[in-house]
Amino acid sequence: MKNIKKIKLIFGLILINVSFAFAANDISLMESAKENGMIFYWDSLSEAGMLEKNGHQFSFKKDQEIAVLDSQKIVMIDPPQVKDSKIMVSKSFITEAQSFFQKQSDEAQFKVGAIILDPGHGGKDPGALKTYKINGKDVTIKEKDINLKVAKMLYERLKTTYPDKKIILTRSTDVFISLSQRTDIANSVKVGENEAILFISVHVNSSMNKASSGYEVWYLSPGYRRNVLDKSVAQDDKSLYSILNTMMEEEYTTESIMIAKFIMDGLQTQIGKESTSRGIKAEEWFVVKNALMPSVLIELGFVSNEKEALNLNDDKYLQKASLGIYNGIVAFTTHFERSRGFTVANED
């Protein structure tokens, strides 16, 4: 009997608390969200809503006493109600949301701190080359020249868009730089603790088959493992170092795949039917596997294909290609910074 009375008492207190919470819902969530700089979303079918601010989400449902924070954490709240087609909440609900967003804004923000552009070849190393008759004259189209033009176009666009980021060219003139020097330049760049570095290498293709054409984007094969962490982070614990290094290397691979996809989308949009996509591929390129950061290598087309070579010799075409790459880099950067450094590669 005592247990029954206890249950009734607890049940009565729950009813009182719920009733009190409902009675306190006298604030319009739409108006309050606007006042506090939050974006308010509401789905009338599922009766679920979300507040968003600076890339963070506070999700909730009608008449439910829990909210989900950034899809990771659950907190207790006064349950929202629908009154006269308006979402009404309590002062406590607003305070909880404000506290969450304020806490997130006080935390360190992840961002891309540097973008390294690597025009392949240069100087005594011309890369792929082919001579064609253009306007009655023999013209030798050299990969090193195309790579540098596109990289410098990219550099100007990125410097304008990101004056607060380090935009670095491994070479800005027709000089020879070894593969190891290129990765040394990349690996020596210093950024903040919560800042990432991206490495974009620009190249042009060639083939014995004159019909081969199209552009492609390469990233480091997931089967290849490199040491991307300083061994001091594990404090002489070899097993811990191996685990941490694998986690970081896999993160770099995921980010590289995402950069490749964004760049490929950008190229397809800008180039259209003037050339064809050969897809995204994995390989153990020297500059990619030795750059200790998310890295991709772009092959813009084939100088061995006359039609494509003439395109690659045309600055207007190169502007389109550079814009496609630029849009891909910007799309990845926006995604990376809005998701606070979390990246998920979607499989096609």
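Two strands are taken to pair if DSSP finds at least two bridges between them. By this criterion, 3 strands form an open sheet in the order β1-β8-β7, with antiparallel pairing. Its edge strands, each pairing on one side only, are β1 (27-28) and β7 (81-83). Strand β7 runs antiparallel to strand β8 (residues 86-89) and is joined to β8 by 3 bridges; V82 has I87 of β8 as its bridge partner.

The model is predicted: local features need pLDDT of at least 70 and side-chain atom pairs count only at pLDDT 80 or more, whereas totals for chains, interfaces and linings use all residues. Residues are numbered from 1 along each chain as its sequence is written, and side-chain values use heavy atoms, with hydrogens and water left out.

The chain has 9 helices and 16 strands. Helices (H or I, at least four residues) and strands (E, at least two) are DSSP runs, numbered from the N terminus. Of the 348 residues, 43% count as buried; buried means under 20% relative accessible area, exposed over 50%, and partly exposed in between (1.4 Å probe, protein chains only). The accessible surface of the chain comes to about 18,800 Å², of which carbon and sulfur atoms hold 53%, by the Shrake-Rupley method with a 1.4 Å probe; for residues, only the protein chains shown count as cover. Contact means heavy atoms within 4.5 Å. Among contacts in the chain between residues at least 6 apart in sequence, 70% join residues at least 24 apart.

Strand β4 (residues 56-61) has two unlike faces: H56, F58 and F60 make up the covered face, and Q57, S59 and K61 the uncovered one. Strand β3 (residues 48-53) runs antiparallel to β4 and is joined to β4 by 6 bridges, with E52 standing opposite Q57. Strand β5 (residues 66-69) is also antiparallel to β4, through 3 bridges, and here S59 of β4 stands opposite V68. The hairpin of β4 and β5 has 4 residues between the strands, and in this hairpin D63 takes a positive phi near 65 degrees.

Strand β16 (residues 295-302) is largely enclosed by the rest of the structure, because 8 of its 8 residues are buried. Strand β13 (residues 195-205) pairs with β16 in the parallel sense over 6 bridges, and I200 stands opposite V296 of β16. Strand β14 (residues 215-220), by contrast, runs antiparallel to β16, joined by 4 bridges; V217 stands opposite I298 of β16. Both senses of pairing occur in sheets in general, where strands pair through backbone hydrogen bonds, either parallel or antiparallel.

H203 lies in strand β13 and is buried, with a relative accessible area of 11%. Leaving aside neighbours within four places in sequence, H203 is in contact with G120, H121, E143, N147, L297, I298, E299 and L300. The side chains of H203 and S201 are joined by a polar contact of 3.1 Å. A polar contact is a pair of N or O atoms within 3.5 Å; within protein, one must be able to donate a hydrogen and the other to accept it, and residues adjacent in sequence count only if both atoms are side-chain atoms.

In helix α5 (residues 179-187), the buried residues are R182, T183 and A186. These residues lie on the same side of α5, because they cover an arc of only 90 degrees around the axis, the arc being that of the directions from the helix axis to the C-beta atoms.

Helix α9 (residues 315-338) has 24 residues, which at 1.5 Å a residue should span 34 Å; the end C-alpha atoms are 34 Å apart, in agreement. The expected span of a helix is 1.5 Å times one less than its number of residues. D314 caps the N-terminal end of α9, with a side-chain oxygen 3.0 Å from the backbone nitrogen of K316. K320 lies in α9 and counts as partly exposed, at 32% relative accessibility. Outside its neighbours within four places in sequence, K320 is in contact with Q270 and E274, and a polar contact of 2.4 Å joins the side chains of K320 and E274. K320 and V150 are 170 residues apart in sequence, with their C-alpha atoms 9.6 Å apart in space. A331 also lies in α9 and is partly exposed, with a relative accessible area of 29%. The C-alpha atoms of A331 and I259, 72 residues apart along the chain, are separated by 8.5 Å.
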